[in-house]
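Visitor: I have a structure open and I'd like to learn how to read it. Could you walk me through it?

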Amino acid sequence: MAQEEGRTHMDWQLLVVDDEADVCKTLEKYLTFEGFKVMTATSGAAAMDLVKTRKIHIALIDIKMPGMTGIELLRRMKDVDYSIQVIIMTGYSTFDLAFQAFEAGAADYILKPFDEMSKIVQLITLSMDRLERWHKILAQTIRQQKPAE
């Protein structure tokens with residue numbers, strides 16, 4: 001289990017967004033078993049409701065969903081909280097989609113169906129580490145900008 005400064009998986013809130021409820025349930029079960037706190041949403045609108053009312057650290061988002069694409073959801077999430085780490089999931093990989101995802105701020109990209117569920121945990125752990133580093137840099141910057149008393 002990844003730990004840094006006493007943090008564990010359970011300190012991080014994950015959101016899985018996929019229009020296929022079975023994918024959400026499977027990932028929720030697996031990631032909960034791995035020690036994560038997981039919420040799910042089956043639409044971009046439902047995901048945005050959660051992002052606006054809860055602190056989400058990492059989101060796994062399907063790229064192709066009706067109503068709101070994963071790229072559009074990624075952009076909207078980043079407008080609410082730029083620190084959210086987003087991992088895009090897709091069964092329709094093209095260079096253009098991958099480029100759009102990274103350009104919009106995705107932290108990573110994984111193809112469905114998943115060969116190994118452990119790869120998802122690795123990507124989440126990398127995102128957790130990235131977020132921890134970002135928080136440390138931000139805290140250090142704030143401390144340095146405080147006027148001396």
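Guide: Sure, and keep in mind that this is a predicted model. Let's start with Leu-126, which is found in helix α5.

Visitor: Is Leu-126 buried, exposed or partly exposed, and why?

Guide: Leu-126 has a relative accessible area of 44%, so it is called partly exposed, since that label covers the range between 20% and 50%. Now look across to Gln-85: its C-alpha atom and that of Leu-126 are separated by 9.8 Å, although the two residues are 41 apart along the chain.

Visitor: Which other residue in α5 could I look at?

Guide: Try Trp-134, which sits in α5, the helix of residues 117-145. Trp-134 counts as partly exposed because its relative accessibility is 39%. Its C-alpha atom is 8.1 Å from that of Ser-83, with the two positions 51 residues apart along the chain.

Visitor: Now the helix pairs. How do people describe two packed helices?

Guide: Two things do the job: the angle between the axes and the distance between them. Here, take α2 (residues 44-53) and α3 (residues 70-80), whose axes come within 10 Å and cross at roughly 15 degrees.

Visitor: What does that angle say about how α2 and α3 run?

Guide: Angles under 35 degrees count as roughly parallel, so α2 and α3 are roughly parallel to each other. The crossing of α2 past α3 is right-handed.

Visitor: Which residues of α2 and α3 meet?

Guide: From α2 you have Gly-44, Ala-47, Met-48, Val-51 and Lys-52, and they meet Leu-73, Arg-76, Met-77 and Val-80 of α3. Sorted by class, that contact has 6 nonpolar, 1 polar and 2 charged residues.

Visitor: And how do α3 and α4 pack?

Guide: Their axes are 9 Å apart, at an angle of about 5 degrees. That makes α3 and α4 roughly parallel to each other too. In this contact, Ile-71, Leu-74, Arg-75 and Lys-78 in α3 meet Leu-97, Gln-100, Ala-101 and Ala-104 in α4. The class count for α3 with α4 is 5 nonpolar, 1 polar and 2 charged residues.

Visitor: Let's turn to the rings. How many aromatic pairs are there in the whole structure?

Guide: Searching the whole structure turns up 2 aromatic pairs. One is Phe-95 with Phe-99: the ring centres are 6.2 Å apart and the planes sit at 25 degrees, so this pair is stacked.

Visitor: Where do Phe-95 and Phe-99 lie?

Guide: Both are in helix α4 (residues 95-104), 4 residues apart, which is about one turn of the helix. Phe-95 is exposed, at 70% relative accessible area, while Phe-99 is partly exposed at 43%.

Visitor: Are the rings of Phe-102 and Tyr-109 stacked or tilted, and why?

Guide: Tilted, because their planes are at 40 degrees; the centres of the Phe-102 and Tyr-109 rings are 6.2 Å apart. Phe-102 counts as partly exposed, with 42% relative accessibility. Tyr-109 is buried, with a relative accessible area of 16%.

Visitor: One last feature: which residues does a cis peptide bond join?

Guide: Lys-112 and Pro-113, and omega there is about -5 degrees. You'll find Pro-113 in the loop between β5 (108-111) and α5, so to speak right on the way to the helix that holds Leu-126.

Definitions and conventions: Residues numbered from 1 in each chain as written. Predicted model: local features only at pLDDT ≥ 70, side-chain atom pairs only at ≥ 80, totals over all residues. Heavy atoms only, no water. Axes fitted to C-alpha atoms, helices over the stretch in contact; angles between N-to-C directions. Helix = DSSP H or I, 4+ residues; strand = E, 2+ residues; numbered from the N terminus. Parallel < 35°, antiparallel > 145°, perpendicular 65-115°, else oblique. Left-handed = near helix turned anticlockwise from the far one by under 90°. Contact = heavy atoms within 4.5 Å. Nonpolar A, V, L, I, M, F, W, Y, C, P; charged D, E, K, R; others polar. Phe/Tyr/Trp six-rings, centres within 6.5 Å; stacked < 30°, edge-to-face > 60°. Buried < 20%, exposed > 50% of the residue type's maximum accessible area, 1.4 Å probe, protein only.
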